[in-house]
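Q: I'm new to this one, so could you walk me through it at an easy pace?

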Amino acid sequence: MVFGLFSSKLSVGLEKRGREYFPGELVKGHLKLSTLKEVKARGVKVQIRCVEWMNPKKDGGKEEEGKEILLWEKEKTLGKAHKYSAGEWKFEFALPKNALPSIIPEPCKKDANEGAGLKWYIRGHMDIPNGIDMHAYKQFFVY
Amino acid sequence: MIKINAPTSVSRGSEYKGVVEIGERELKGARLVEVALCNEITYGGKEANYSCWKMSKKFSPKDARSLFQLPFDFRVEGEAPVTYKGKRLSSKWKLNVNVDVVGAGDRWRRMDVIMLR
């Protein structure tokens, strides 16, 4: 079962081009499972998260681990225990009206993953029994 | 005397304007004056600055006599980091005026600027 999962992939897509949102706006998207075989899962979930993060540049010096502090989160269950074949789940989350604005460390790098800042993202998750869970991730910008 | 006449806050996506005045004494031996609006992002109270956001203008004080007036304006991008103090993360903006002096320590003045949404 676990070996069959290597040909499977979970991905997140957002409807809005540019992935830029304002507080109070709806974030609509889909979670997609691409697989050739059926995938047995305990459940399928999607989360929206706002986190403070830090991930130092790997410049050959002393390596420090990346850190993340969760500030806000909502979760939706998209599917229960089942054998899943390829398909899509739609989801939507309303951003809070007082949503914190994204903080990016470099101009024009809204998906930056080195440095530190405040980011928003959607995280998809499939809980696989006796195997490695599947994750998907998509970052977006809040003005 | 280095004097900054500029607002203490600015909104993202707008213009930040002001004037810097530098007296005769501070201009002595100066070869360059830099006015810069700089962001600093720190995490966990450590000194490392993760930010690459900086807007600056450089002026030559060659022709200045008694009082050097430097009008400046910066266009702040809509994605610029806001001023923020969270659990571990902090984002601050400063307006730095630096007078580079030949063969002596630089003269400078700093002012905190609040970046609003």
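A: What follows takes the chain fold, then a few residues, then the interface, and it concerns a predicted model.

Q: Okay, how many helices and strands are there in chain A?
A: Chain A has zero helices and 10 strands, so that, read along the sequence, its pattern is β-β-β-β-β-β-β-β-β-β.

Q: In what order do the five strands of the open sheet in chain A come?
A: In chain A, the order across that open sheet is β2-β10-β9-β5-β6, and the pairing is mixed. The edge strands are β2 (20-21) and β6 (67-79) of chain A, each of which pairs on one side only.

Q: And how do β5 and β9 of chain A run, parallel or antiparallel?
A: They run antiparallel, with 13 bridges joining β5 (residues 43-55) of chain A to β9 (residues 115-127) of chain A. To pick out one place along that pairing, M54(A) has A116(A) in β9(A) as its bridge partner.

Q: How much of chain A is buried?
A: Of its 143 residues, 43% count as buried. As for contacts in chain A between residues at least 6 apart in sequence, 71% of them join residues at least 24 apart.

Q: Switching topic, which residue in the loop between β1 and β2 of chain A should I look at?
A: R19(A) lies in that loop, between β1 (9-14) and β2 of chain A, and R19(A) has a positive phi of about 50° although it is not a glycine. With a relative accessible area of 25%, R19(A) is partly exposed.

Q: What about N130(A), where does that lie?
A: N130(A) is in the loop between β9 and β10 (134-142) of chain A, and N130(A) likewise is not a glycine yet has a positive phi, of about 55°. The relative accessible area of N130(A) is 74%, which means that this residue counts as exposed.

Q: Now salt bridges: how many does the rule count over all chains?
A: The count comes to 10 over all chains. One of the pairs is E25(A) with K16(A), whose closest N and O atoms are 2.7 Å apart. E25(A) is partly exposed at 22% relative accessibility, and K16(A) is partly exposed too, at 30%.

Q: And which residue does E73(A) meet in a salt bridge?
A: The side chain of E73(A) meets that of R49(A), at 2.9 Å from N to O. Because E73(A) lies in strand β6 of chain A and R49(A) in strand β5 of chain A, the pair ties together parts that are 24 residues apart in sequence. R49(A) counts as buried at 17% relative accessibility, whereas E73(A) is partly exposed at 33%.

Q: What about D100(B), which side chain does it meet?
A: D100(B) meets R31(B) in a salt bridge of 3.0 Å, N to O. That pair links distant parts of the chain, since D100(B) is in strand β8 of chain B and R31(B) is in strand β4 of chain B, 69 residues apart.

Q: Last topic, how many residues of chain B are in contact with chain A?
A: There are 20 residues of chain B in contact with 28 residues of chain A. The two chains bury about 1900 Å² between them, 63% of it on carbon and sulfur atoms. On the chain B side, Y43(B), Y50(B) and R117(B) lose the most area to chain A, together 32% of what that side buries.

Q: How many salt bridges does the rule find across that interface of chain B and chain A?
A: The rule finds zero salt bridges there, although nine residue pairs are in polar contact across the interface. The side of chain B that touches chain A divides into nine nonpolar, four polar and seven charged residues.

Key: Residues numbered from 1 in each chain as written. Chains lettered and ligands numbered in written order. Predicted model: local features only at pLDDT ≥ 70, side-chain atom pairs only at ≥ 80, totals over all residues. Heavy atoms only, no water. Contact = heavy atoms within 4.5 Å. Buried area = accessible area lost by both parts, 1.4 Å probe. Salt bridge = Lys/Arg side-chain N within 4 Å of Asp/Glu carboxyl O. Polar contact = N/O pair within 3.5 Å; in protein donor to acceptor, adjacent residues only side chain to side chain. Nonpolar A, V, L, I, M, F, W, Y, C, P; charged D, E, K, R; others polar. Pairing = 2+ DSSP bridges. Helix = DSSP H or I, 4+ residues; strand = E, 2+ residues; numbered from the N terminus. Buried < 20%, exposed > 50% of the residue type's maximum accessible area, 1.4 Å probe, protein only.
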